[in-house]
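Please open the model in your viewer and colour the backbone by secondary structure; the tour begins inside and works outward.

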Amino acid sequence: MSKHPIITLNQITKVYTNGTVALQDLNLAIPESQFVSLVGPSGCGKSTVLRLIAGLGRTSSGSIDWSITQQARKLAFVFQDAALMPWANVRENVRLPLKLARMSKKDSQKLVQETLELVGLEGFEENYPRQLSGGMKMRVSIARALVTQPNVLLMDEPFGALDEITRSKLNGDLLNLWLQQRWTVVFVTHNIYEAVYLSNRVLVMGISPGRIVADVEIDVPYPRDDDFRTSLLYNQYCREISQHLAKAMSFVPI
Ligand SMILES: Nc1ncnc2c1ncn2[C@@H]1O[C@H](COP(=O)(O)OP(=O)(O)OP(=O)(O)O)[C@@H](O)[C@H]1O
C-alpha cells in the first residue's frame, strides 16, 4: 500500500445553515489504497466527512486536497439502502451509471457482466429486486458502484441493515474484492468488529463538535480470515476501539 495520501482534509470545519457544527478542525490524510473506517456516535459527522470527500456540499473552512486530478478521480458511493429501481432487473440496475454516462448498451454489456460476476451475481441477471434477499440487493448496489471502475469507494453503513451472517459473508467478499482492486475505501460503520476486520485503520470520531479522537492502525496482514476474527489480537483491537468509543460517547446526552 502506498503511503502517499490520495485525499487530505486540512482543518475542515463544517457548519450547516441551521448552525449545527458538524465538524471542527478535522485533519485527515488518507493514503492511496487504504481501507479506512470511521466509527463514532450518531451525529458525530461521519456521513458529513463522506459527503465532503464526494464533493456533495462545501466546507465552511479548510480544504480538501487530492493528489490526483479531477479527471482521474473516480468516486463511487454505496449507501445502507440499496435504492434499486424496482421496475428494472439486476443487469439494468447495474448498468444505470453507464447509461447515465451515455455509454452504449453494446459497450457497457461486457463491463456489466464482468462486474456481476465479480460480486457473485452471475445467474441473477434477469431477477428483479423484489426477488432478491437483502444481501443480494446489497451486492447489486455494490456492483452498480464498481461498474464505474472507481478508484475511491465511499461506503456509508452499507451492511447496517443486514443480519450478522450475511454481513459477515459480505465483509469477506468485499475484502477479497478490495485485495484484487485496491481502491481507496472510506467506510462508515457503527460496528466495531466489522471495522477492525476490514480496515487498515480505524478512526474514532467524537461529537459536539465532530472530530477525530483516535486513529488506530490495524497492523494485521491480509488476507484476513476467520482465524483472525477469533484471535486474541482481534479482540484486543476491538477492545481498544471500544474504549475510545465509550470515552467519545460519555459526552453524548442519552
Ligand atoms: N443537511 C443538514 N442540515 C443541518 N444539519 C445537518 C445536515 N446534515 C447533517 N446535519 C447534522 O450534522 C451532524 C452530523 O451529521 P452526520 O449525518 O454527518 O452524522 P453521522 O455521524 O453520520 O450520524 P449517523 O451515525 O446518525 O448517521 C448532526 O448533528 C446532524 O443532525
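**Starting at strand β3**

Select β3 and look at its two faces: F35, S37 and V39 on one side and V36 and L38 on the other are all buried, so that both faces are covered (buried means that 20 or more other C-beta atoms, placed from the backbone, lie within 10 Å of the residue's own; strands are DSSP runs of E of at least two residues, and helices are runs of H or I of at least four, numbered from the N terminus). In a regular strand the side chains alternate between the two faces of the sheet. Because five of the five residues of β3 (residues 35-39) are buried, the strand is largely enclosed by the rest of the structure.

This is a predicted model, in which local features need pLDDT of at least 70 and side-chain atom pairs count only at pLDDT 80 or more, while totals for chains, interfaces and linings use all residues. Residues are numbered from 1 along each chain as its sequence is written.

Next, add strand β7 (residues 184-188), which runs parallel to β3 and is joined to it by four bridges (strands pair if DSSP finds at least two bridges between them); here F35 stands opposite V185. Then select strand β8 (residues 201-206), also parallel to β3 and joined to it by four bridges, where L203 is the bridge partner of L38.

Now show the ligand, which 13 residues surround, the closest being Y16, A22, S42, S47 and T48 (near means a C-beta atom, placed from the backbone, within 6 Å). Helix α1 (residues 46-53) gives the largest share of this shell, three residues.

Finally, zoom out to the protein chain, which has eight helices and nine strands, and whose C-alpha trace spans about 50 × 40 × 40 Å along its principal axes.

Methods
Buried ≥ 20, exposed ≤ 12 C-beta atoms within 10 Å, placed from the backbone.
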